[in-house]
Amino acid sequence: MTPAEIRDEILDILEDISPDEDLDSLDDEKAFRDQLELDSMDFLDIVMELRKRHRVQIPEEDYGNLASMHSTVTYLEPKMKDIVKS
Amino acid sequence: MIAPNRASELPDDQRIVITGVGLTAPNGNDWASFREALLEKRSGVQPYEIRYFGETLAGICDFDTNRYQKKKEVRRGTRAGSVGVYAANEAIRHSGVDWENTDRSRVGIYVGVTEHGNVETENEIYVIKGFDYDTSCWSHHHNPRTVANNPAGEIALNMGVTGPHYTIGAACAAGNAGIIQGAQMLRLHECDLAIAGGTSESIHTFGIFASFNSQNALATHDDPAKASRPFDVDRNGIVVAEGGCLYTLERLSDAKARNAEIHGELVGYAMNTDATDFVLPNPERQAQCVQMALEKAGLQPNQIDLVSTHATGTSSGDFQECKALRTVFGDCTNTRINNTKSYIGHAMGAAGSLELAGNLLSFKDGVIHPTINVDQLDPDCAIPGLVLNEPEEGKKVDYVLNNSFGMLGINSVVIIGRV
């Protein structure tokens, strides 16, 4: 997956877990928590969905990398580069 | 004026009244439309399909889940939670309580449930089956969804209630049990306002259908509207339903102080146990439970104008309840007897509170809605006072007695008086 495809995938997951939010104006550089109503269970949903959809494992010590869209894509890029977008 | 009862001798701060009704039933999403459906003999039973079990019938609710919950709350929570949140908000709105200025630490939430957690557990097992039973794909939402207090807890979260909240696990006697619990806590001054009754999400677990089917107790019929047929000779089992009905309960003194409209007073109640069988009811204990409630209310059987039966449409259960009722009401000429499951199926934990709500408006409209689908009355169920197939109009109703019984021999009865 390219960084753009990874971003689309994260957006798709966010649409599922935050269906009341307007994601069109999401700022990739800003922390998710500063612009969306996300709590720790929501972040676990991101981790769970990546595991279910792509078998990507994210260890607990790396959760901090999921702070913003930019940091998430940067962190996932090496883990997902060999995954072909279906 | 209604005939005096024992509760009327109590001080006002020990008298418990209903000031709000919130509900969703398979044939109505508020009190008035539910009543209208019953008077128009409109069934809420529909064809239904659930994984593994396949095609069956069920009482299905179509309330707007997003009226009081965000989409995210619905996604994160349970169906029983959504049913509860809807019913609780409706009950408070209906009561006219100034909710914005209500001290939420003095509100108690008491929700009867038949079971909770089966739906969510089945869902997770289904999900991990797709991942070769890898438990790392088991949702972190599973525990908060399946803790036994979940439906009451979701209401508390949604409405900002910081007083006590819990569920009362009481099989199919749970709706009444929730009401009784709420009343007791008000009398003890453990809360100043109670949201009490029962909820059910049972149609979303295939296990309940499969288990009733294995017990030869699941209803089948070519016409879904005719499948739930208590007292009929051709009844062949239960139609499982979802739904919820929660009441705003207050002490009479508080209701009077705010000039609230009062929809009825809890004048008597009782709960007891058969201690005889896992599933088969015991008519002697059921009759004792009814008599205990009458004693508590200080009423004679013939002073009960309407008995709302629990009968579920099973071959043995209906007959046993009728046997119990014949013991208590066999000589009564005033008492009428009906059944609401014939319209909506068996709403499990919500059954007691929903069926009571279906009947309470008879205080105002003087109509007894009939048990429908009785094409041929089972002679074993032919007790005096049955209102069958057509409503009885012009009946003065002062007291309604509501039966609700459940597995493991749990029995509950509440008596509501007109105010």
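In this predicted model, 10 residues of chain B are in contact with 8 residues of chain A, contact being taken as C-beta atoms, placed from the backbone, within 7 Å. The side of chain B that touches chain A divides into 2 nonpolar, 4 polar and 4 charged residues; here Ala, Val, Leu, Ile, Met, Phe, Trp, Tyr, Cys and Pro count as nonpolar, Asp, Glu, Lys and Arg as charged, and the others, Gly among them, as polar. Residues are numbered from 1 along each chain as its sequence is written, and chains are lettered from A in the order in which they are written. Local features need pLDDT of at least 70, and side-chain atom pairs count only at pLDDT 80 or more, whereas totals for chains, interfaces and linings use all residues.

Turning to the interior, the largest nonpolar core holds 120 residues, with B:Ala293, B:Val414 and B:Ile415 making the most contacts inside it. Such a core is a set of buried Ala, Val, Leu, Ile, Met, Phe, Trp, Tyr and Cys residues joined through C-beta atoms within 7 Å, and buried means that 20 or more other C-beta atoms lie within 10 Å of a residue's own. Helix H3 of chain B (residues 79–95) gives the most to this core, 8 residues; helices are DSSP runs (H or I) of at least four residues, numbered from the N terminus.

Beyond neighbours within four places in sequence, the contacts of B:Val414 include B:Asn176, B:Ile179 and B:Ile180. These three are also among the buried residues of H7(B). In that helix, 12 of the 14 residues are buried, so it is largely enclosed by the rest of the structure.

Technical notes. Two residues are in contact if their C-beta atoms, placed from the backbone, lie within 7 Å. Helices (H or I, at least four residues) and strands (E, at least two) are DSSP runs, numbered from the N terminus.
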